[in-house]
Amino acid sequence: MSIDVPAEEGLQMTAVSAAATPRRALSVKAFGITDTGKVRPSNEDQFLIAELTKAMRVCQTSLPQPRVQVGDERAHLFLVADGMGGHQAGERASALAVVAIEHFTLNTFKWFFGPDGGEAQKALAQLETALSNADARILAEAADHPELRGMGTTVTMAFHLGAQLCVVHVGDSRAYLHRGGELHQLTRDHTLMADMVRDGTLRQDQVAGHRLRHVITNVVGGRELGVEVEAHAFDVRPGDRLLLCSDGLSEMVTNETIAATLAADAEPESAAKTLLALANGGGGSDNITLLIARFDAPDVEGTPSGEDAR
Ligand SMILES: [Mn+2]
């Protein structure tokens, strides 16, 4: 089941691009970091940055060839998960989600297609299935281990192929897009407070410091089977930066400061380290996890440049 969220103005979400979009692969440079913070005894967050390729393992040949050959097409998977549940259960839940999604990606996900609008919708549907599988996996594990009962995790995940970005999201981690000097929050928080602000029963200025602000209304895992996945697809452009983060960043650092930091520093690694330091400097009251991916135009030969180049 998916939640349809209205497109943010200027971002041209979903439905996008049709067949007219040229098939042009943007190069990707990404960096992720996770930290326990200043208060929590352990880190229950996880993250993943992965590149998907088509690989051919040569068993025998008459030609002088490398034993493993890799196709030109590269896709990327970016993921942040923030686990919850006492006694290491949160750490277990977020790890189970990552492993379930990796398993789905390797064995079920048909990611290698032409990146037109219809294909993006197919990718989103598959990514929603990946989160449903993770949900079922966590509940199955909790059924076998009563001490883990109720454990769950947020998952905010982005899939990049060509010039397209697909985002699926559950919980109160966040995805942001930095484009043309502006920061757009791509996801909404699945929390009681955010729901109340949306339906007008609470003002935004009443949320900060509220004792219920961490109550999550939608989680991968949790006490009941089933998850509602928020899904978005849109075109990604050269110069865009994607930020995924757990609430340990967004609770400690304002959107304005995040925007200013990204505007001042185009390098994913140094900008990520700066944001982590700001979150810890602001109190570090929760685990802090973030990853930044920068999308650049391919170089003149038409092949992706930077870290991806062979
Ligand atoms: Mn958290």
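Trainee: In β10, which residue is the bridge partner of Gln164?
Mentor: This is a predicted model. Strand β6, residues 164–170, is joined to β10 by six bridges, and the two run antiparallel. Gln164 has its bridge partner in β10, and that partner is Asp235.

Trainee: How many of the residues of β10 are buried?
Mentor: Strand β10 spans residues 229–235 and is mostly covered. Of its seven residues, the number buried is six.

Trainee: What is the strand order of the open sheet of five strands?
Mentor: The pairing in this sheet is antiparallel. Its edge strands, each pairing on one side only, are β2 (27–35) and β8. Neighbouring strands are turned by 15° against each other on average, direction ignored. The order is β2-β12-β11-β7-β8.

Trainee: Which residue in β12 is the bridge partner of Phe31?
Mentor: β2 and β12 pair in the antiparallel sense, over nine bridges. β12 is mostly covered, with eight of its nine residues buried. The partner of Phe31 in β12 is Ile292.

Trainee: Which residue in β12 stands opposite Cys245?
Mentor: β11 and β12 run antiparallel and are joined by five bridges. Opposite Cys245, in β12, stands Leu290.

Trainee: And in β8, which residue stands opposite His178?
Mentor: β7 and β8 also run antiparallel, with four bridges joining them. In β8, the residue opposite His178 is Leu183.

Trainee: At about what angle to β8 does α5 run?
Mentor: Helix α5 lies across three strands, β7, β8 and β11. Among the elements that cover its buried residues are β7 (174–179), β8 (182–185), β11 (241–245) and α6 (268–281). The angle between α5 and β8 is about 130°.

Trainee: Why are the buried residues of α5 on the same side of the helix?
Mentor: In α5, residues 255–264, the buried residues are Ile258, Thr261 and Leu262. They lie on the same side of α5 because the arc they cover around the axis is only 95°.

Trainee: Which exposed residues does the face of α5 turned away from its buried side carry?
Mentor: The buried side holds Ile258, Thr261 and Leu262. The face turned away from that side carries the exposed residues Glu256 and Ala264.

Trainee: Is Ala277 buried, exposed or partly exposed?
Mentor: Ala277 is in helix α6, which lies across β2 and β12 (288–296) at about 155° to β12. Ala277 and Ile288 are 11 residues apart in sequence and 9.8 Å apart in space, C-alpha to C-alpha. A residue needs 20 or more other C-beta atoms within 10 Å to be buried, and 12 or fewer to be exposed. Ala277 has 15 other C-beta atoms within 10 Å, so Ala277 is partly exposed.

Trainee: Which helix gives the most residues to the largest nonpolar core?
Mentor: The largest nonpolar core has 75 residues, and Ala97, Cys166 and Leu290 touch the most other members. With 10 residues, the helix that gives the most to this core is α2 (117–144).

Trainee: Leaving aside neighbours within four places in sequence, with which residues is Ala97 in contact?
Mentor: Ala97 is one of the core residues that touch the most other members. Outside its neighbours within four places, the contacts of Ala97 are Ala81, Ala134, Ile138, Thr153, Val155 and Val220.

Trainee: What percentage of the residues in the protein chain is buried?
Mentor: The chain contains six helices and 12 strands. Of its contacts with a separation of 6 or more, 74% are between residues 24 or more positions apart. Of the 310 residues, the buried ones make up 43%.

Note on methods
Residues are numbered from 1 along each chain as its sequence is written. This is a predicted model: local features need pLDDT of at least 70, side-chain atom pairs count only at pLDDT 80 or more; totals for chains, interfaces and linings use all residues. A nonpolar core is a set of buried Ala, Val, Leu, Ile, Met, Phe, Trp, Tyr and Cys residues joined through C-beta atoms within 7 Å. Two residues are in contact if their C-beta atoms, placed from the backbone, lie within 7 Å. The arc is that of the directions from the helix axis to the C-beta atoms. Two strands pair if DSSP finds at least two bridges between them. Axes are lines fitted to C-alpha atoms, for helices over the stretch in contact, and angles run from 0 to 180 degrees between N-to-C directions.
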